[in-house]
Amino acid sequence: MEGSNMATTQEIRATSSIGRGVPRVDGPLKVSGKAQYTSDFHFAGMLYAVPVEATIASGRVAKLDTAAAEKMTGVRAIFRRENIGKIFRAVQGPGFEGICDERRPPFEDDVVRYYGQYVALAVADTFEAAKAAADAVRVTYAKNKPNVETDLKAEDEPEVVTTTFMPRQRLQSQRGDAEAAFAAAPVKLDQTYVTPAETHNPLELHATTAIWDGSTLTLYESS
């Protein structure tokens, strides 16, 4: 019925979770404080690293002043392109059906491609010292006008990429014509729905802990 606000009732399948309480298997551990996250793993001799992130969206790093940060208590190193050494581009290994979010090696060059890109890395004996050192690094930029075009295309990337789920289109969204689709719809419902605001508050910090044991590397990573 065109222009109808009449509600319709649909039968919910017995296997559906809609309208039913679903137990959280991780709930008891989280609310009791017993759940272990990546940052909860501590090992002897472990160091902490905090990145220095770009504060511009496009341009180039003209100068990195790390002198003050390197003299701070507990700081082991301030890594940047000039002193980090050779890092190779990430590639897929045999039998691994996944994709790295960013396959460009860290500090490959001085080009800033997006706001928040890592331009240096502070390493220290404690997280607090590493954070203070990262904040003490002074970066001078040569700014470029960022590309704000709505039709952006990835450089040298295939249209279909391999992920842990299945081959998927790299472009995850497409803009259609909502007004034309609504006008051509055989049934039209005109109603206003209001939902409360939701704020995502993660229980853990994003972190990765890497432990070498001979030639074996174990990673503890937040998801």
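Here are a few exercises with worked solutions on the structure above.

The model is predicted, so to speak of local features a pLDDT of at least 70 is needed, side-chain atom pairs count only at pLDDT 80 or more, and totals for chains, interfaces and linings use all residues. Residues are numbered from 1 along each chain as its sequence is written, and side-chain values use heavy atoms, with hydrogens and water left out.

**Exercise 1. Overall layout**

Work out how many helices and strands the protein chain has, and in what order they run.

Step 1. Start with the terms: helices (H or I, at least four residues) and strands (E, at least two) are DSSP runs, numbered from the N terminus.

Step 2. Tally them up, and you get four helices and 10 strands in the protein chain.

Step 3. Read from the N terminus on, and the order is α-β-β-α-β-β-β-α-β-β-β-α-β-β.

Step 4. Now the burial: of the 223 residues in the protein chain, 20% are buried. Buried here means under 20% relative accessible area, exposed means over 50%, and partly exposed is in between (1.4 Å probe, protein chains only).

Step 5. On to the surface, where the protein chain shows about 18300 Å² of accessible area, 53% of it belonging to carbon and sulfur atoms. Such areas come from the Shrake-Rupley method with a 1.4 Å probe, and for residues only the protein chains shown count as cover.

Step 6. Finish with contacts (heavy atoms within 4.5 Å). Take those in the protein chain between residues at least 6 apart in sequence: 69% of them join residues at least 24 apart.

**Exercise 2. The three-stranded sheet**

Find the strand order in the open sheet of three strands, and say which strands stand at the edges.

Step 1. Two strands count as paired if DSSP finds at least two bridges between them.

Step 2. The order is E4-E2-E6, with antiparallel pairing.

Step 3. Strand E4 (111–112) and strand E6 (138–143) each have a single partner strand, so they stand at the edges and one side of each is left without a neighbour in the sheet.

Step 4. Zoom in on E2 (residues 59–65), which is joined to E6 by six bridges. Gly 59 sits opposite Lys 143 of E6.

**Exercise 3. Two loop residues around E4**

Decide whether Phe 107 and Gln 117 are buried or exposed, and place each in the chain.

Step 1. Phe 107 is in the loop between strand E3 (75–79) and E4. With 9% relative accessibility, Phe 107 is buried.

Step 2. Check the backbone too: phi of Phe 107 is near 60°, a positive value in a residue other than glycine.

Step 3. Gln 117 belongs to the loop between E4 and strand E5 (118–124), and at 3% relative accessibility Gln 117 is buried.

Step 4. Leave aside neighbours within four places in sequence, and Gln 117 is in contact with Val 52, Glu 53, Ala 54, Arg 104, Val 111 and Val 112.

**Exercise 4. Aromatic rings**

Describe the pair formed by Phe 43 and Tyr 220, and say which parts of the chain this pair ties together.

Step 1. Rings of Phe, Tyr and Trp (its six-membered ring) pair if their centres lie within 6.5 Å; planes under 30 degrees apart count as stacked, over 60 as edge-to-face and the rest as tilted.

Step 2. The structure has two aromatic pairs. The one between Phe 43 and Tyr 220 is tilted, at 5.6 Å centre to centre with 35° between the planes.

Step 3. Phe 43 lies in the loop between helix H1 (27–32) and strand E1 (48–53) and Tyr 220 in strand E10, so the pair ties together parts 177 residues apart in sequence.

Step 4. Phe 43 is partly exposed at 31% relative accessibility, and Tyr 220 is partly exposed at 25%.

Step 5. Ring pairs also bring in Phe 41, giving a cluster of Phe 41, Phe 43 and Tyr 220.

**Exercise 5. Salt bridges**

Trace the network that links Arg 24, Asp 26 and Lys 30.

Step 1. A salt bridge is a side-chain nitrogen of Lys or Arg within 4 Å of a carboxyl oxygen of Asp or Glu. The structure holds eight.

Step 2. Arg 24 meets Asp 26 at 2.9 Å, N to O, and Asp 26 also bridges to Lys 30, with the closest N and O atoms 2.8 Å apart.

Step 3. Arg 24 is exposed at 56% relative accessibility, whereas Asp 26 is partly exposed at 23% and Lys 30 is partly exposed at 30%.
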